[in-house]
Amino acid sequence: MTNPKKTAIPKDLVIELHRIMCPGACPDYSVFVYGDGRIVYEGRRYVAVKGRREGRILGTRVKQLLDQFYKANYFSLKDRYDAIATDGAITKTSIFADGKTKEVVNCYPSQAPEELYQLEKMIDEISQSGRWVRDQAGQPVLRA
């Protein structure tokens with residue numbers, strides 16, 4: 001991949017976030033962000049909305065997210081960060097751009113770099129996944 005500050009959003013860009021159920025009532029869902037601004041959400045368990053939903057974001061927001069992957073030096077991160085405890089959730093992030101792909105598995109709580117945690121949070125924020133994950137009062141859903 002080339003320097004993101006000098007290039008347009010790759011046509012093949014797909015950014016993924018998968019939050020996988022933990023032993024408790026952790027939200028279990030996936031979010032896909034495409035280079036054209038499409039957002040696809042798939043809710044499974046402990047979320048306000050189960051099933052598939054779609055949305056859109058501006059290209060500037062997609063570019064901001066792409067730039068964050070570079071800032072986090074994502075392609076240099078380990079492929080997996082194992083938990084330092086056994087009862088945490090698992091989060092997978094990945095990016096496909098310019099024909100290259102990278103996936104990172106983060107098993108909470110881990111000793112992953114803070115940049116990875118910030119990137120995971122930013123994917124949720126930019127995709128606005130909270131509108132499907134949390135109830136109308138903004139609270140976590142505690143039932144499967």
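## Strands E1, E6 and E7

Isoleucine 20 stands opposite isoleucine 90, a residue of strand E6. This facing pair is a good place to start looking at this predicted model. E6 covers residues 90-97 and pairs with E1 in the antiparallel sense, with seven bridges between the two strands. E1 itself covers residues 14-20.

E6 has another partner to look at: strand E7, residues 100-107, which pairs with E6 over eight bridges, again in the antiparallel sense. Here you can find isoleucine 95 opposite lysine 102 in E7. E6 and E7 form a hairpin, and two residues lie between them. In that turn, look for aspartate 98, which has a positive phi of about 55°.

## The largest pocket

Now let's turn to the open space in the model. The largest pocket holds about 150 Å³ of space. Its lining is made up of Arg19, Ile20, Cys26, Pro27, Tyr29, Ala89, Thr91, Tyr108, Lys121, Asp124 and Glu125. Two elements, strand E1 and helix H2 (114-127), give two or more residues each to this lining. Isoleucine 20, met above opposite isoleucine 90, is among the lining residues.

## What the lining is made of

Which element gives the largest share of the lining of the largest pocket? That is H2, with three residues.

As for chemical character, six residues of the lining are nonpolar, four are charged and one is polar. Among the names to find in the structure are Arg19, Lys121, Asp124 and Glu125, along with Thr91 and Tyr108.

How values were computed:
Residues are numbered from 1 along each chain as its sequence is written. This is a predicted model: local features need pLDDT of at least 70, side-chain atom pairs count only at pLDDT 80 or more; totals for chains, interfaces and linings use all residues. Side-chain values use heavy atoms; hydrogens and water are left out. On a 1 Å grid over the protein atoms alone, a cavity is a set of points where a 1.4 Å probe fits but cannot get out, and a pocket is an open set with protein on both sides within 12 Å along at least five of seven lines; lining residues have an atom within 4 Å of a point. Grid points are joined across faces, edges and corners, and a volume is the space filled by probe spheres set on the points. Helices (H or I, at least four residues) and strands (E, at least two) are DSSP runs, numbered from the N terminus. Ala, Val, Leu, Ile, Met, Phe, Trp, Tyr, Cys and Pro count as nonpolar, Asp, Glu, Lys and Arg as charged, and the others, Gly among them, as polar. Two strands pair if DSSP finds at least two bridges between them.
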